[in-house]
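Work through the following exercises with the structure open beside you, and try each task before you read its solution.

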Amino acid sequence: MKRILLLGIILTFIFSSSCKKSPVSTIPVPISPIVIPPVVSNKKLIEVANFKIGAAVKVASLQSDAEFANTVKSEFNQITAEYEMKMNFIWTADNTYDFSKVDYLVDFAQQNSKSVHGHTLLWYQSFPDWLKNAGYDTVAFEGKVKTYIQTVVGRYKGKIVSWDVANEIFNDDGTLRVESQIQGRFKDPIGFVGRCFKYAHDADPAAKLFYNDYNVVLATGKRTAMKNMALRFKNAGVQIDGLGEQFHYRISTSQSQINSGFADLANSGLLIHISEADCKVNVNDSPAYVITDADKQKQSDFFKNIVTLYNALPANQKFAITTWGVTDKSTWLRNSTNGNKEYPLLFDESYIKKPAYAGFLAGLQ
Ligand code: XIL
């Protein structure tokens, strides 16, 4: 009772003294809760994340654009080639390899303490024409591909620490792509892919090996096919370490669908790589599109959501989140249809961090 009386006296004192101070009103103003401003962190993603932050880089940009190279040096700790490690860039003719661009990238990575993810040994879009048109039978074709894998993975043993062994062999419904170069060629195409994992493993037993595809969290059939393939490999003693989901999405992509598909992907128990993340804002590919603050915010929310999901994975399933490029200026999503009006990445044309970067950072915290 005494305490209540004392409290009453104190409150009366506070109100009466605050009223005296106010020249305008004599009505006591209710005490509003203190609003703590959000902590605006100026930390970098690589300082906060407990997994790698990767970027796909064009080697030509590393060589000719100092701002590009400096941004890669300071903001990312893993790199992959946007196209120079693909088969048609390296394997220019039978028995002829051009490693000049990959060597440059690997040297750059070593000098700047970045790890290198290899992308990709098998991809239907990058089988060179000379190989496709050579008329090899199944055995000869596999012999050639085996030599390629052993040559490339062997050359960078210990330097390229992880590889996408195969990329995009499935349709969304889980059937094999007709254009995959392996469908129709092999009686058991998945068996062939498994042997390619083995060739890569034999060439560098320490390398982490991935299967990579797009639209994985949305397409149940594709996701199931990937998980079944990984299970088949595991049961046969073939090493597969992880599954990559490219994450080429847009601000309008359903976040709840992403969330549930991601949970299903994660229950594979394998390493998960968000391997080519970007987020389209110009969803209608309109040449007249003008980016708005609202769209920038939606993109920021997209990154925050996917990074939050990724960050919640068990530690032994985290590998990396890689963005497919560095600056909007040179994204693969700019084209003549959209009049180069696309802005899917974390840095704008002047290498300034976008709200998307802040969203990514918020997802890490
Ligand atoms: C794209 C590159 O960004 C382009 O520069 C190149 O011309 C074609 O390939 N999925 C993948 C990537 O796995 O290899 C693709 O990269 C983008 C879609």
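Helices (H or I, at least four residues) and strands (E, at least two) are DSSP runs, numbered from the N terminus. This is a predicted model, in which local features need pLDDT of at least 70 and side-chain atom pairs count only at pLDDT 80 or more, while totals for chains, interfaces and linings use all residues. Residues are numbered from 1 along each chain as its sequence is written, and side-chain values use heavy atoms, with hydrogens and water left out.

**Exercise 1. The chain as a whole**

Task: State how many helices and strands the chain has, and what share of its residues count as buried.

Solution: Begin with the elements, of which the chain has 13 helices and 11 strands. Next apply the cut-offs for burial, where buried means under 20% relative accessible area, exposed over 50%, and partly exposed in between (1.4 Å probe, protein chains only). By that rule 49% of the 365 residues count as buried. Then turn to the surface, where accessible areas come from the Shrake-Rupley method with a 1.4 Å probe, and for residues only the protein chains shown count as cover. The chain exposes about 17100 Å², and carbon and sulfur atoms supply 56% of that area. Finally look at contacts, meaning heavy atoms within 4.5 Å: among those between residues at least 6 apart in sequence, 77% join residues at least 24 apart.

**Exercise 2. Four residues, buried or exposed?**

Task: Decide whether Val 290, Ala 109, Arg 334 and Asn 215 are each buried or exposed.

Solution: Start with Val 290, which is found in the loop between strand S10 (271-280) and helix H12 (293-311). Val 290 counts as exposed because its relative accessibility is 62%. Its C-alpha atom is 7.6 Å from that of Lys 341, although the two residues are 51 apart in sequence.

Move on to Ala 109 in helix H6 (residues 100-111), which has 0% relative accessibility and therefore counts as buried. Not counting residues up to four places away in sequence, Ala 109 touches Ile 79, Lys 114 and Val 116.

Then take Arg 334, which is in the loop between strand S11 (318-323) and helix H13 (355-364). Its relative accessible area is 17%, so Arg 334 is buried. Leaving aside neighbours within four places in sequence, Arg 334 has contacts that include Asp 328, Glu 342 and Glu 349.

End with Asn 215, placed in the loop between strand S7 (208-213) and helix H10 (220-235). Asn 215 is buried because its relative accessible area is 18%, and, beyond four places in sequence, it touches Asp 172, Lys 222, Glu 245 and Tyr 249.

**Exercise 3. The nonpolar core**

Task: Find which residues of the largest nonpolar core touch the most other members.

Solution: First fix the term, since a nonpolar core is a set of buried Ala, Val, Leu, Ile, Met, Phe, Trp, Tyr and Cys residues joined through side-chain atoms within 4.5 Å. The largest such core has 101 residues, and Ile 169, Tyr 211 and Phe 247 touch the most other members. Helix H9 (residues 189-203) gives the most to this core, with eight residues. To see the surroundings of Tyr 211, set aside its neighbours within four places in sequence; its contacts then include Ile 169, Phe 197, Met 226 and Leu 243.

**Exercise 4. Empty space**

Task: Determine how many cavities of 30 Å³ or more there are, and which residues line the largest cavity.

Solution: Rolling a probe the size of a water molecule over the atoms shows where empty space is left. On a 1 Å grid over the protein atoms alone, a cavity is a set of points where a 1.4 Å probe fits but cannot get out, and a pocket is an open set with protein on both sides within 12 Å along at least five of seven lines; lining residues have an atom within 4 Å of a point. Grid points are joined across faces, edges and corners, and a volume is the space filled by probe spheres set on the points.

The count comes to two cavities of 30 Å³ or more. The largest cavity holds about 50 Å³, and it is lined by Leu 122, Trp 123, Tyr 124, Phe 127, Ala 166, Asn 167, Ile 169, Ser 180, Ile 182 and Val 193. Strand S5 (115-123) and strand S6 (160-167) are the elements that give two or more residues to this lining. The largest pocket has a volume of about 250 Å³, and of its 16 lining residues, Lys 86, Trp 123, Glu 276, Trp 324 and Trp 332 lie nearest its centre.
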